[in-house]
Amino acid sequence: MEWSETGAFPIEDALEMIFIFDRTGIILYANAAAKTKLEYEEELCGRHITDIFPGTFKSADGGFETEYPFGHKLQSLVAYRKNLTCFPVEARIIESEEQKEKYICMANDVLEKEYLNREITHVKQEAEQALKVKSEFVANVTHELRTPVNGVLGNTKELLEKVKDEHILKSLRLIERCCGDMNKIINNILDFSKLEAGKFTLEPRRFHFRNMLDYVRSQHINKLTEKGLGFFMTVSPQIPEYIVGDELRIVQILNNLLSNAQKFTSVGKITVEVVRTARVNDKIELFFIVKDTGIGIDKADKDKLFQSFSQVDASISRKYGGTGLGLNICKQLVELMGGKIEVEGEKNKGSMFSFSIWVGICEEEELPVQAEDGEAAARANLFAMPPAEEEESNPEDVMCYGTQENKEALKKNLSKLILCVEMENWEKAEMFMETIRQLTQNAPREVSRVILKLKMAVQKENYEKVNAGYEEINTLLQ
C-alpha cells in the first residue's frame, strides 16, 4: 500500500504535516509539508518520533512512552525542526484502522496560522481605512464641485431673465443644462460612495403615494411629449392612498428608469404600472414595471447593466452619455427596501425593468377594497397620457425601413424637425434628427447618405442645407 494514498484522497500534497510511525516510534512516511516545515527533506523517514516531539514522546525499550491521548481531539504540542528550533502545532494522532500498531499524525503550524490571521486582520483594517479615506475624499470633492457648479447655475438663471439676444440665450440655456447634468453626476457619485461605504440610511415617512407618482410624471411628461412618445402610468386600486417609505429614494429609482427609457426610446411608448403583490402584517409589497419600445438589450448583456461604472458597451456611453452608476444605485436602493430589480428585453424590441419594494401601511389607513369596475378604471388610469398615434404599432415594424409604420414615423419626425429648425430650436432639432437616423439605420445607401448630410447640417445649424436635405429625403421617401 502506498502511504501517499492513505484514506479517501492523496495526502502527499496536503497543506498540513502528515507522517506515519509504527509502535517502535520509527517514522515510516512523511508528506511534503512535514519534510519542508521540519526541514528534514528526504531524511525524515527512518527517524524516531521523539526527534519531532521530544516533550511528548520518550524512547523506551523497543518503542516509545507517552501520555498523549490518541484520538481525533486536537492537542497543543511543540514540534522540533532538524536544527533543534521549535514551534507550536495543533496535532491529532490516531491509530490506523487498516493497519494495527501504525499511528497517523496530522499537525498544523500554529505560528503560521497566527501570522496569517494577523495578516488578514491587518489587510482588513487597511481596506476599511482606505474605504473611509475614499468616502471622505469623495464627499469633500463632490461638495467642492457642487459649490462652483451651483454658482454658475445661479448666475446663468439670472442672465436668462435679463438677456434678450437669441444667440446668447441659446448659450446660456446650454450652460444651464450642463450645470444640471453635472449636479446629477455629483449626486450619483455621492450616493454610490455612501452605499459602498455602508453609510447610506433610508428615511421612511408617511406620504401620499399617487401624488408622488404624479410628481414623477410631471418631471418627464414634457420631454416625452416633445419626442412624440406615448406615456401611460397605471396604479392598482388596491394600493392605499398613504404609505410609509422613503419617498425621495422611490422617486429617484423611478426617475432613473424613466430617464433611461426616454433616452433609449425614439418611437413608440413608455408605460409604468404599479401593483400590490403581498401583505405581511403592516407591510405591503409594491411591484413596479417600467416598459419601453426602445433599443432593447441582448440577453447576454443583462448582467452588465447593474454593475458600477458599466454600460453594455462603450458606444452607448459615447452616444447617450451617462456614468454607468444609475442602475447600480437603483439596485442597491431597491435591496435596501427589501426587494430586487430585474430586466427583460431583446435587441431592438424594447426592454422592461421591474422592481419590488416593501413599504409600511399607516395605522389609520385602511387598504381599499376592490372598487366597482367604473371606479377602478378611473383610479387606475388617472395618470395616462393621451395615446400617441403609433401606440399600437409594433416597434420592430416601426424600426424596419420601408414598412408603412416606418414611413409614417419618418414623416412625423421630419415634420417636427423642420418645425424646430423654423423656430431656431436647434437643440430639439438634434433630438428629432437622432430619431430619424435610427429610423433609417437599414435604409439604402442613397438614403443613408442624405440622412448623414442632413444630420451634419443640423449640427452646424445651417438653415439652407437643412431645408435642402429635407426636400431631398422627402423626394426619396415618395
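**Buried loop residues and a packed set of helices**

Serine 96 is buried, and its relative accessible area comes to 11%. That is under the 20% that marks a buried residue, so the label follows directly from the number. The model is a predicted one, and serine 96 makes a handy place to start looking around it. Serine 96 sits in a loop, namely the one that links β6 (86-95) to β7 (102-109). With neighbours within four places in sequence set aside, serine 96 touches Lys102 and Ile104.

Stepping back, the protein has 478 residues, and 43% of them are buried. Its secondary structure adds up to 14 helices and 14 strands. Among contacts with a separation of 6 or more, 61% join residues that are 24 or more positions apart.

Tyrosine 68 is another loop residue worth a visit. Its loop runs between β4 (63-66) and β5 (75-80). Tyrosine 68 has a relative accessible area of 7%, so it counts as buried. What does tyrosine 68 contact once its neighbours within four places in sequence are left aside? The list is Thr56, Lys73, Gln75, Leu77, Ala91, Arg92 and Ile93. Isoleucine 93 is 25 residues away from tyrosine 68 in sequence, yet the C-alpha atoms of the two lie 8.5 Å apart in space.

Two other loop residues stand out for their backbone. Glutamate 39 is not a glycine, but its phi is positive, at about 60°. Glutamate 39 belongs to the loop between α1 (32-38) and α2 (49-52). Is glutamate 39 buried or partly exposed? Its relative accessibility is 42%, so it counts as partly exposed. Leucine 84 also has a positive phi, here about 75°, and is likewise not a glycine. The loop that holds leucine 84 connects β5 and β6. With a relative accessible area of 66%, leucine 84 is exposed, because anything over 50% goes into that class.

Then there are the cysteines. The structure holds zero disulfides. Cysteine 105 has a relative accessibility of 0%, so it is buried. Cysteine 330 is buried too, at 2%.

Toward the end of the chain, several helices pack against one another. Helix α11 (residues 404-422) and helix α12 (residues 426-439) have axes that come within 8 Å and cross at roughly 160°. An angle over 145 degrees counts as roughly antiparallel, so α11 and α12 fall into that group. Their crossing is left-handed. On the α11 side, the contact takes in Asn406, Ala409, Leu410, Asn413, Leu414, Lys416, Leu417, Cys420 and Val421. On the α12 side, the partners are Trp426, Lys428, Ala429, Phe432, Met433, Thr435, Ile436 and Leu439. Sorted by class, the residues of the contact of α11 with α12 are twelve nonpolar, three polar and two charged.

Helix α12 also packs against helix α13 (residues 445-459), with the axes 9 Å apart and at an angle of about 165°. That makes α12 and α13 roughly antiparallel to each other. Here again the crossing is left-handed. From α12, the residues involved are Trp426, Ala429, Glu430, Met433, Glu434, Ile436 and Arg437, while α13 brings Ile451, Leu454, Lys455, Ala457, Val458 and Gln459. The contact of α12 with α13 comprises eight nonpolar, one polar and four charged residues.

Helix α11 has a further partner in helix α14 (residues 463-477), where the axes are 11 Å apart and the packing angle is about 165°. So α11 and α14 are roughly antiparallel as well. Again, α11 crosses α14 in a left-handed way. Leu410, Leu414, Ile418, Val421 and Glu422 of α11 meet Tyr463, Val466, Asn467, Tyr470, Ile473, Asn474 and Leu477 of α14. In terms of class, the contact of α11 with α14 has nine nonpolar residues, two polar ones and one charged. Leu410, Leu414 and Val421 turn up in the contact of α11 with α12 and again in the contact with α14. In a similar way, Trp426, Ala429, Met433 and Ile436 of α12 take part in the contact with α11 and in the one with α13.

Definitions and conventions: Residues are numbered from 1 along each chain as its sequence is written. This is a predicted model: local features need pLDDT of at least 70, side-chain atom pairs count only at pLDDT 80 or more; totals for chains, interfaces and linings use all residues. Side-chain values use heavy atoms; hydrogens and water are left out. A disulfide is a pair of cysteine sulfur atoms within 2.5 Å. Buried means under 20% relative accessible area, exposed over 50%, partly exposed in between (1.4 Å probe, protein chains only). Axes are lines fitted to C-alpha atoms, for helices over the stretch in contact, and angles run from 0 to 180 degrees between N-to-C directions. Helices (H or I, at least four residues) and strands (E, at least two) are DSSP runs, numbered from the N terminus. Angles under 35 degrees count as roughly parallel, over 145 as roughly antiparallel, 65 to 115 as roughly perpendicular and the rest as oblique. A crossing is left-handed if the near helix is turned anticlockwise from the far one by less than a right angle, and right-handed if clockwise. Contact means heavy atoms within 4.5 Å. Ala, Val, Leu, Ile, Met, Phe, Trp, Tyr, Cys and Pro count as nonpolar, Asp, Glu, Lys and Arg as charged, and the others, Gly among them, as polar.
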